[in-house]
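Here are my notes on this model, point by point. Please read them with the structure open.

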Amino acid sequence: MPQYAAIIYASDVDPTQAEAAAMMEDYNEFGAAAQAVIRGGAALYPTATATTVRVTGGKGGDIVTSDGPYAETKEALTGFYLIECADLDEAVKVAAQIPGAWDGAIEVRPVVDFGK
């Protein structure tokens, strides 16, 4: 079966803090309900902890880093799930149950299988 990345763009909240407890309950409920199709995933710390890396001049060039993500947006990349579904329609149905979809967006993208 094909795999899809369900990439979560939602409010930039630290999921380890007490104020995120209600949100995490929703994610735990989703995880239990979708455990048959979840193959992996992770929550990410807020964008303030991010470092963006670029290499100027291409391969072997100078490494340049900057704090945070490249673009400032209302919604931030907050995590992802790797899900295995029969097709895109099923993946979209699963993604619609991810709590981040309720006030943000879930990008569903097929995963390349280099083993084929």
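1. Which residues of α2 are buried? This is a predicted model, so please treat what follows as a reading of a prediction. The buried residues of α2 are Ala91, Val94 and Ala95. Looking along the axis of α2, these buried residues stay within an arc of 100°, so they line one face of the helix. In general, an α-helix has 3.6 residues a turn, so residues three or four places apart point the same way.

2. Now turn α2 around. On its other side, Asp89 and Lys93 are exposed. The cover over the buried residues of α2 includes β1, α1, β5 and β6 (105-110).

3. Next, the core. The largest nonpolar core has 16 residues. Ile8, Tyr81, Ile83, Cys85 and Ile98 touch the most other members. The elements giving two or more residues to this core are β1, α1, β5 and α2 (88-95). The largest share, four residues, comes from β1.

4. Cys85 deserves a look of its own. Neighbours within four places in sequence are set aside here. Beyond them, Cys85 is in contact with Met1, Pro2, Tyr4, Val37, Glu90, Ala91 and Val94. Of these partners, Ala91 and Val94 are among the buried residues of α2.

5. Then the pocket. The largest pocket has a volume of about 340 Å³. Four elements each give two or more residues to its lining: β1 (3-10), α1 (21-33), β2 (38-43) and β5 (76-84). The lining has 21 residues, and Ile8, Met23, Met24, Tyr27 and Thr78 lie nearest the pocket centre. By class, 14 lining residues are nonpolar, five are polar and two are charged. Ile8 therefore needs checking twice: Ile8 lies among the residues nearest the pocket centre, and Ile8 is also one of the core residues that touch the most other members.

6. Is Thr78 buried or exposed? Thr78 sits in strand β5. Its relative accessibility is 14%, under the 20% cut-off, so Thr78 counts as buried. Leaving aside neighbours within four places in sequence, Thr78 is in contact with Ile8, Ala10, Ser11, Ala42, Ala43 and Leu44.

7. Last, compare Asp67. Asp67 is in strand β4 (residues 62-67). Its relative accessible area is 74%, over the 50% cut-off, so Asp67 is exposed. Asp67 and Asp26 are 41 residues apart along the chain. Their C-alpha atoms are separated by 30 Å.

Methods:
Residues numbered from 1 in each chain as written. Predicted model: local features only at pLDDT ≥ 70, side-chain atom pairs only at ≥ 80, totals over all residues. Heavy atoms only, no water. 1 Å grid on protein atoms, 1.4 Å probe; cavity = no way out; pocket = protein on both sides within 12 Å on 5 of 7 lines; lining within 4 Å. Points joined across faces, edges and corners; volume = space filled by probe spheres on them. Nonpolar A, V, L, I, M, F, W, Y, C, P; charged D, E, K, R; others polar. Core = buried A, V, L, I, M, F, W, Y, C linked by side-chain atoms within 4.5 Å. Buried < 20%, exposed > 50% of the residue type's maximum accessible area, 1.4 Å probe, protein only. Contact = heavy atoms within 4.5 Å. Arc of directions from axis to C-beta.
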